[in-house]
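Visitor: I'm new to reading protein structures. Could you pick one part and take me through it closely?

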Amino acid sequence: MSARAFRLPSHVRPLSYHIDLSTDPSRVEFSGTVTIELEITSQTEAIVLHSRHLEVTRAEVSAMFGETDSALVSYQPEQETVTLLLERPLPVGRARALLVFSGRLAPSMHGLYLGADGVHSAVCSQCEATDARAIFPCFDEPAFKAGLRWTLRTGPGVTALSNGVLQNQFSSHGEQVFEFAETKPVSSYLAAVVVGDFEAEQADYVRDVPLKVYAPSGKGKQTHFAKGFTSRVLPWFEEYFDFPFPFGKYDQVAVPGFDAGAMENIGLVLFRQNLLLMEPGSASWRQEKVIALVIAHEMAHMWFGNVVTMRWWDDLWLNEAFAEWMAHKACHAINPSYEVWNDFIEDKSRVLFDDALHSTHPIWTPVETPDEAIEMFDSITYQKGCAVMRMLENFLGEDHFREGLRSYMKEFQYGNACGPDLWRSLEKASSLPVHTLMHTWVAQAGYPVVDIALVEEAGTTLVELHQERFFSDSHSKPGDQIWSIPMTVRYADDEGVKAHRFIFDRRAERVELPSKGTIRWIYGNQDEIGFYRQRIAEKTLAKLLPLATSVLSPVEQVGLLEDQWALVRNGSVSITSFVAVLSACSSTQNHNVLRVLAERLDALDLIVKDSGDKEARRKLRQLAEQWFAPQLQSLGFAPLAGEPQNDIQRRAICIGTLASMARVASVISTAEQFAAAEQANPRAVDPNLAGSFVAIAAKFGDETRYDRWVETFQARKAADKTPQEVARYLHTLSQFRLPTLTDRTLNLIIQGTIPQEAVSAIVSQLLSFRHSQQAAWEFLKQHWSTLRERFGDMGVSRVVEALGRMRASHREDVVHFFEQHKPAGAERALLRALERMDQSEQVRQRVTGDLLTYLISR
Ligand SMILES: [Zn+2]
């Protein structure tokens, strides 16, 4: 066993911590004391607790009613612990340890670090998964729950926040001292502090719980949306769980630099600014919905994760899958017009892609080391977990599901639980075989593809089903896995459209549908709630296809397109029949479907581009124009008052595709004019279109325009404009095609002009585009060790994963480089990237010929 896999002994447990911490944005050093009340369950001569990069200058231990002994401190850096060696053994019972320690703010965005963005800076914390130990010595495993009480000592003129309710604030020896109340027992990864220059408006109250939203000073008015939404969503959760919010206060803070999107610390949730702050007229509908979802996701954790916590990191999905699922459920309940489940199909499509790789893993995966814990924060845990929960709720019914969750919450409150505990509660509430069903989804990697065919037999129509594991490459053998699949198929007979539900848990089965007369068409995944793909037999598909846009719901149309594309990629379907499916959906009037259509055209465009055949590319652009131009023509460029969101979103997609892919000159020049108007006044243009206009102008821009982009980005940041208005310029720098401009963007990273939290996203963008990937890869290799630190743990996975977008000619170099520079915490991301690179190359080799022939003959 590696030292990194070390687990603390269980005979010494913390009951509560009092952390007295002195820190301030103006100092790189911090220092403090931690007093830990302990419970000793068998006599011990040593106390082992986690600590990383901290110097412990003094340690004292006393048994209850005993004298205080100083302890000898020894460090075990490999296993990230300190051991306190005692002069006299500690007897069973209560004890107290006091440690005096100091450390330095971390260079990455983990542990205690300086978040910086333009003129704003703040000391921020990020403890999940295993970084509380870099702030104070503690028992840093989720099963060691203990009360947290903070005292913070800072310089004058800053705001200090922690997990607890502020009880006292005073000045002492030129310092400000903030004393906070102790929390209920929580895991150490939920500890949090923030010290910096923030402002917040008066609290809103839900019952007696104060809700506050903090922004860097000067941005207070960007918090209104978050405030309003929070006071609607908190009561929804209290009602859903039948369990009042128990942590005393709810502060949400937009910090100037964050690695993840947001973090659900008890009573003090930290966010990236763009995921909390906005103003009406500055954010697109999609951006507004993401803010709502992230707020709801973090709040769901107050119950799922914070009241009841996973026992160990292998059950991380219990936290994240549920938070993701509940966020969608809450948003849908509070604002149905958001249609968040229609957007979820995009997340689901991405994770169906990831989960069809060999490098995927089961939702429940063993975890031993901190790096393995970090790797669990991926699409399988979040999005597959969410999709599987949704499928389960649909199978059990909303009422049974809620009842099961309520009793689970009460039974395990302020303690820890694991998957089987939850299945027991759900099984009791529903009297259905939850454990058997979920085992196939949680413990097995991957997911099934279901073959569906209508067959005639003795005058009746039957549905013939077959399942096997789906792989995204053409040469993998599926093996003997079987899933217990809750299926709902939709079909039409002489009486109209019907749905039929059943469990499909065998390799193959023939199902007789309750039908009258001829079955006209069938679709095997109602509303795409099932987590599987469909391979519809040719003749059965031929019946469905002409009716696709009229009988299938928008998400089903997306599902059909995505399944067919995946089948092209693994060699089961020809590229020409895929173009026929695209064509069948091209008349769609729904923005979700149109977006997928645009993305798939982009994918085809890349294949044709890589072939170097200019004539075929011209034909593909014509095809795109033929599909998208009539829609834009009827919508017009300018939004109309009172227009439905569907039309506004369709307009943005049409403009993007017609300019960027089809290269329609008139659309490009109009977009450039609107971009110029946006630059003069960010509110002059519909925020749903502004991003597209700015991106198009960048794509076709020269050096002079690039200069203006950098200036605009910096000026808006200095003027405290909303994150969305700033990001439009920052995140389109990578669109400029000239090689010298790619180099300049890379230089902005080195110079520190690009904020730390955006570095991994910008590098990933540059690695994704053909025009910039070579330069970005050379840059990454050259600056790996400094960049690795700046990316942060989440960021490094993003970047490594983006390498999968490069051509396979880079493969050997990538493998060689990472043999020398192990990407700790991103090992699985590297495997995914390599697989993706290989598969894209195989697809290219397989389909290019047919695609070119098809296009030329058009
Ligand atoms: Zn989460």
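Guide: Let's look at strand β26 and its partners, then move on to strand β25 and its own partners.

A quick word on the ground rules. This is a predicted model, where local features need pLDDT of at least 70 and side-chain atom pairs count only at pLDDT 80 or more, while totals for chains, interfaces and linings use all residues. Residues are numbered from 1 along each chain as its sequence is written, and side-chain values use heavy atoms, with hydrogens and water left out.

Okay, find residues 485-493: that's β26. The label "strand" here means a DSSP run of E with at least two residues, and strands are numbered from the N terminus. β26 is mostly covered, with nine of its nine residues buried. "Buried" means under 20% relative accessible area, against over 50% for exposed and partly exposed in between, using a 1.4 Å probe and protein chains only.

Now check which way the side chains go. In a regular strand they alternate between the two faces of the sheet. From β26, Ile485, Met487, Val489, Tyr491 and Asp493 point one way, and Pro486, Thr488, Arg490 and Ala492 point the other way. Both sets are buried.

Next, the partners. Two strands count as paired if DSSP finds at least two bridges between them. β26 runs antiparallel to β27 (residues 496-504), and nine bridges join them. Those two strands make a hairpin, with two residues between them. For a landmark, look at methionine 487, which sits opposite phenylalanine 502 in β27. β26 also runs antiparallel to β29 (residues 521-523), this time with three bridges. There, tyrosine 491 has isoleucine 522 as its bridge partner.

Now slide back along the chain to β25, residues 460-469. Seven of its ten residues are buried, so β25 is largely enclosed by the rest of the structure. Ten bridges tie β25 to β24 (residues 448-457), and the two run antiparallel. One bridge pair to look for is aspartate 451 with histidine 466 in β25. β24 and β25 form a hairpin too, with two residues between them. In that turn, have a look at alanine 458, which has a positive phi of about 50 degrees.

Finally, β25 has another antiparallel partner in β28 (residues 508-512), joined by five bridges. To spot this pairing, find glutamate 464 and look across to arginine 510 in β28.

Note on methods. Helices (H or I, at least four residues) and strands (E, at least two) are DSSP runs, numbered from the N terminus.
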